[in-house]
Amino acid sequence: MNGPFVPFRQFVLKVHSRCDLACDHCYVYEHADQSWQVRPKVISDETATWSASRIAEHVKRHGLERVHIVLHGGEPLLAGRDRLRRIIAELRGHLDALCDLDLRVHTNGVLLDDRYLDVFAEYDVKVGVSLDGDRVANDRHRRYADGRSSYDRVIRAVELLSRRREVYAGLLCTIDVANDPLAVYRALSDLNPPRIDFLLPHATWDTPPPRPSETAYADWLIRIFDAWLDEGARVPVRMFESILRTSRGESSLTESLGLEPADLVVIETDGAYEQADSLKVAFDGAPSTGLNVVSDDLDTVAAHTGILARQQGLGGLCDTCRACPVVDSCGGGLYAHRYRTGSAFANPSVYSADLLKLITHVRHRTAMPAHALPYETIEALACGYGDDHDMEHLLAGQRTLRRGLLAGVHAQRSAAEGWDLLTRLDAEHRPAVDAVLDHPYVREWAARCLTGGGSPGYLANIAAAAAVRAGVDAEITLQDVDGVFHLPTLGAFEATSGADGRLLVKDERFTLARTPDAVWHPVRKIETGGFTVILEDTDPHRHCHGHRAAGRLSEEEAGAWQRMFTEAWSLIESQYPRYAPGLRAALSTVVPLAPPEGGDVSSAARHAFGSVAIALPKDPATLALLLMHEFQHVKLGAVLDMVDLYDQGHSGLYYAPWRPDLRPLEGLLQGTYAHLAVSDFWRVRRDSVPGDTEVQFALWRKHTADAIDSLNGSQALTPLGMRFVAGMRRSVEPWLAEPVADEAIAHAAELARRHRAASGAR
Amino acid sequence: MTQFNVASNVTDLRDVPLSLVPTADVDRILGRVLPETVAVESVSVAAFNSSI
């Protein structure tokens, strides 16, 4: 068997070989291998030390950054608290300085109490518990030797763990298709564990599982999967997650699925190294390696043919499996389940038909298409316009990006309280969640978090805003960002000293629990002709536009915005009708900027799709121009978020007629696209307001056309980018042919010459 | 009329529960909009079946 050396990263340390329950489906005692009868009941301190030092030796030798150790049995808690503490301390003492040690214990739960949990909390040991569902399901197998139920004691253990979630790993349920699948799922999910897994009962072709129908196990799991998916997959289920992950080409989360090489070894109570102990169901002695921690290092174990056989990926499977369409998810199933006397493990799993049906169902239900931009939309946008239908494609992409970035924040920067509430609302009140996530500055916040800044705790504010919108009662602590407790799309409380941000949402009303008189600033909206946008002066993440954002506007200032917006929008609709549908469909927010010293300032921010920032100009026409200009950036940014228009690795810098400095290619593309609208603005404007408008048109049409030539000359546009720039040229070319007074052309040429000379560009 | 599309490499996540957004899709999105944040891909573990 050839292949790269695979070091062990997972170690199952058997600390006790007996159990206080007598479950009739247990693979340790009730199947072919009976080696437990000759093992010491409990691991000795000496064997534990040898185990820890062998693992440490292996970690050092192979430079492993992270390893996983599971304390297992039998029932590991039978080893007793003091012994477990010594074992855990030994493992941490040997390994904490060398690598990241993920330490777990898996128990039947009946002995678990707070004193055990104190030990586990002290040493950061996560606890998993076996529970087969509701009382009926659990007691079908999980009983004491005298027939008593274990259910109440296990539930008590789970309740203890629920109060100490820092050490709670999850619940493990062995399937019995005689149980009602939804009753089992609800019983487990209602306990709100961090994770659930469902295990197929260990079986082989020699000893097949009870099977009332050909695919009874698939049918049982599919009923749970459908309910789980419909409810938003609120509690992670390892088996389903693994099928989804492997279907996308990612790694499995369980050895029972996927094609990853096995990197697991078991150390028994006598120090014997064994292969995966599920092999006990195959034949007596199946997991044995004949090696021991005292005499053999782990590299020797890794060279064992039984270990190597489980590292061959696709090549280690039988012909039937290799030809199967779901082999990348199934991976042939758990190795032990393939066994048949005569052909050994060169068979499909005894659950092969179930796995095929289940995986096919999961893939069918979760097939995820990619976003796409119709060529017609690309063409419309390239020409500088785009209507509501075109905006739908950009809005769809942005919603995806925000959801992805939010998940990224959760993955990298834990914000558990907000995430728990938000995922619950996402499952049950999606429109309310979407309404909040569509707020432009949610992405800006996420981007800050993902680049090392930002406040991950603001996820609670996002969740709280969604709860308010959904009319769901909730209580959650808001994050203070720049002196306010902001609720996106709703407004902000002033964060006075002593306010802790605990928000109560009840009966569709919300208040800060301990400061009910906190000053609340609701978001304002400006509206005209059925077109409404948020006048955003409460969101602390709006300070991303390169210009100082205005503070909270007075009522008078807000009124001035409303009046000027009404006139500007009327101008756009009447004079620039090709820009109006896109703006109406996708401009959601205007951020007032602080008045500048002179001239006008405006900005769009790449992460704030749907928003533009503008200092209130002197007249409505200028506001119309600034809205059109900045919205071009918004549209093009959204296109670039979805598709590639240029080579990202291109490092050339270019003269841009609207900037004093040379610009990278994306900057030139953005500026050119914005000035397409600027040229168009002055082209139309000169008809109603003669004078300098003629010069402005002459100047900007020339600048825009020249910049398009620079883009074409860059040799760095993708084929789609060339098509996009060709669309821009199609718009500007007829404008170049429009008659303009010679005097205006000369003046524009002089202005252009001066700008170029001042920039230093040749 | 046949509608031709330009495909993006961004998976449509609008109907995917937040709790199920795939890591690979998050990485792809980060690669598009925050390329400086994309870290070295971590290797997940196909964990021991009999514990969680």
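This passage describes the nonpolar core, one helix and the chain contact of a predicted model. Local features were taken at pLDDT of at least 70 and side-chain atom pairs only at pLDDT 80 or more, whereas totals for chains, interfaces and linings use all residues. Residues are numbered from 1 along each chain as its sequence is written, with chains lettered from A in the order in which they are written.

We can start with the core. The largest nonpolar core (buried Ala, Val, Leu, Ile, Met, Phe, Trp, Tyr and Cys joined through C-beta atoms within 7 Å; buried means 20 or more other C-beta atoms within 10 Å, with C-beta atoms placed from the backbone) holds 248 residues, and Ala463(A), Ala464(A), Ala466(A) and Ile572(A) have the most contacts inside it. Its main contributor is helix α22 of chain A (residues 620–642), with 14 residues; helices are DSSP runs of H or I, at least four residues, and strands are runs of E, at least two.

Elsewhere in chain A, helix α24 (residues 692–713) has 22 residues and reaches 32 Å from first to last C-alpha, close to the 32 Å expected at 1.5 Å a residue (1.5 Å times one less than the number of residues). Just after α24(A), Gln715(A) takes a positive phi of about 60°.

Turning to the two chains, their contact (C-beta atoms, placed from the backbone, within 7 Å) takes 40 residues from chain B and 67 residues from chain A. On the chain B side, α1(B) gives the largest share, eight residues. Strand β10 of chain A (residues 370–374) and β1(B) pair in the antiparallel sense over four bridges, pairing requiring at least two DSSP bridges. Here Pro374(A) stands opposite Asn5(B) in β1(B).

Notes. Buried ≥ 20, exposed ≤ 12 C-beta atoms within 10 Å, placed from the backbone.
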